[in-house]
Amino acid sequence: MKVKCYVHPKGVPTAKEERELAIRAKSGDKEARNELIERNMRIVFKVIGDEKSRHAEDIYQAGLMGLIKAVDEFNPDNGNRLYAYAQWWIKQRVWAERMKYRLIRIPAYLESNSDLKIKLA
């Protein structure tokens with residue numbers, strides 16, 4: 001199943017807009033928080049790429065949950081952009097979601113081992 005990327009009419013926020021929205025969101029403005037999430041949804045699609053599994057919708061939804069967590073935890077005073085900060089949260093949520101659908105759970109330290117991939121295949 002192909003999932004289409006949502007693009008906000010205003011596009012991606014500039015660094016200044018992002019900072020202003022983040023400060024307003026931190027102070028409790030729900031409108032600013034929602035706009036920050038909507039205008040940065042493309043990050044999820046960029047991180048995940050073209051997912052072709054039958055669980056694609058669940059994986060994208062997990063990525064969006066990671067983006068929401070990143071927006072809630074984001075501190076604009078650190079000098080980072082939201083894109084750089086949100087990638088880690090999105091990857092963590094997507095990885096956890098993908099692990100739910102694996103038949104055999106392989107520990108993370110073994111996943112990068114290329115010899116193990118050859119033996120399993």
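Helix 2 of this predicted model has its buried residues covered by a set of elements that includes helix 1 (15-26), helix 4 (56-73) and helix 5 (82-100). Helix 2 itself spans residues 30-39, and its buried residues are Ala-32, Glu-35, Leu-36, Ile-37 and Arg-39. If you have the model open, look at where this helix begins: a side-chain oxygen of Asp-29 reaches to within 3.1 Å of the backbone nitrogen of Glu-31.

Let's take one of those covering elements, helix 1, and see how it meets helix 2. The axes of the two helices come within 8 Å and cross at roughly 140 degrees. An angle over 145 degrees would count as roughly antiparallel, so helix 1 and helix 2 are classed as oblique to each other. Their crossing is left-handed. On the helix 1 side, the contact is made by Glu-17, Glu-18, Leu-21, Ala-22, Arg-24 and Ala-25, while helix 2 brings Ala-32, Arg-33, Glu-35, Leu-36 and Arg-39. Sorted by character, the residues of this contact are five nonpolar and six charged, with no polar ones. You may recognise some names here: Ala-32, Glu-35, Leu-36 and Arg-39 take part in this contact and are also listed among the buried residues of helix 2.

Now let's move along to helix 5, another of the elements covering helix 2. Glu-97 is found in this helix. Is Glu-97 buried or exposed? Its relative accessible area is 12%, and because the cut-off for buried is under 20%, Glu-97 counts as buried. Leaving aside neighbours within four places in sequence, Glu-97 is in contact with Asp-58, Ile-59 and Ala-62.

Helix 5 also holds Trp-89. Which residues does Trp-89 touch, once neighbours within four places in sequence are left aside? They are Gly-66, Lys-69, Ala-70 and Glu-73. The side chain of Trp-89 also makes a polar contact with the side chain of Tyr-85, at 3.4 Å. As for Ala-62, the Glu-97 partner mentioned above, its C-alpha atom is separated by 10.0 Å from that of Trp-89, with the two positions 27 residues apart along the chain counted as their spacing.

Stepping back to the whole protein, the secondary structure comes to seven helices and zero strands, so from the N terminus on the elements read α-α-α-α-α-α-α. Of the 121 residues, 31% count as buried. Among contacts with a separation of 6 or more, 60% are accounted for by residues 24 or more positions apart.

Key: Residues are numbered from 1 along each chain as its sequence is written. This is a predicted model: local features need pLDDT of at least 70, side-chain atom pairs count only at pLDDT 80 or more; totals for chains, interfaces and linings use all residues. Side-chain values use heavy atoms; hydrogens and water are left out. Buried means under 20% relative accessible area, exposed over 50%, partly exposed in between (1.4 Å probe, protein chains only). Helices (H or I, at least four residues) and strands (E, at least two) are DSSP runs, numbered from the N terminus. Contact means heavy atoms within 4.5 Å. A polar contact is a pair of N or O atoms within 3.5 Å; within protein, one must be able to donate a hydrogen and the other to accept it, and residues adjacent in sequence count only if both atoms are side-chain atoms. Axes are lines fitted to C-alpha atoms, for helices over the stretch in contact, and angles run from 0 to 180 degrees between N-to-C directions. Angles under 35 degrees count as roughly parallel, over 145 as roughly antiparallel, 65 to 115 as roughly perpendicular and the rest as oblique. A crossing is left-handed if the near helix is turned anticlockwise from the far one by less than a right angle, and right-handed if clockwise. Ala, Val, Leu, Ile, Met, Phe, Trp, Tyr, Cys and Pro count as nonpolar, Asp, Glu, Lys and Arg as charged, and the others, Gly among them, as polar.
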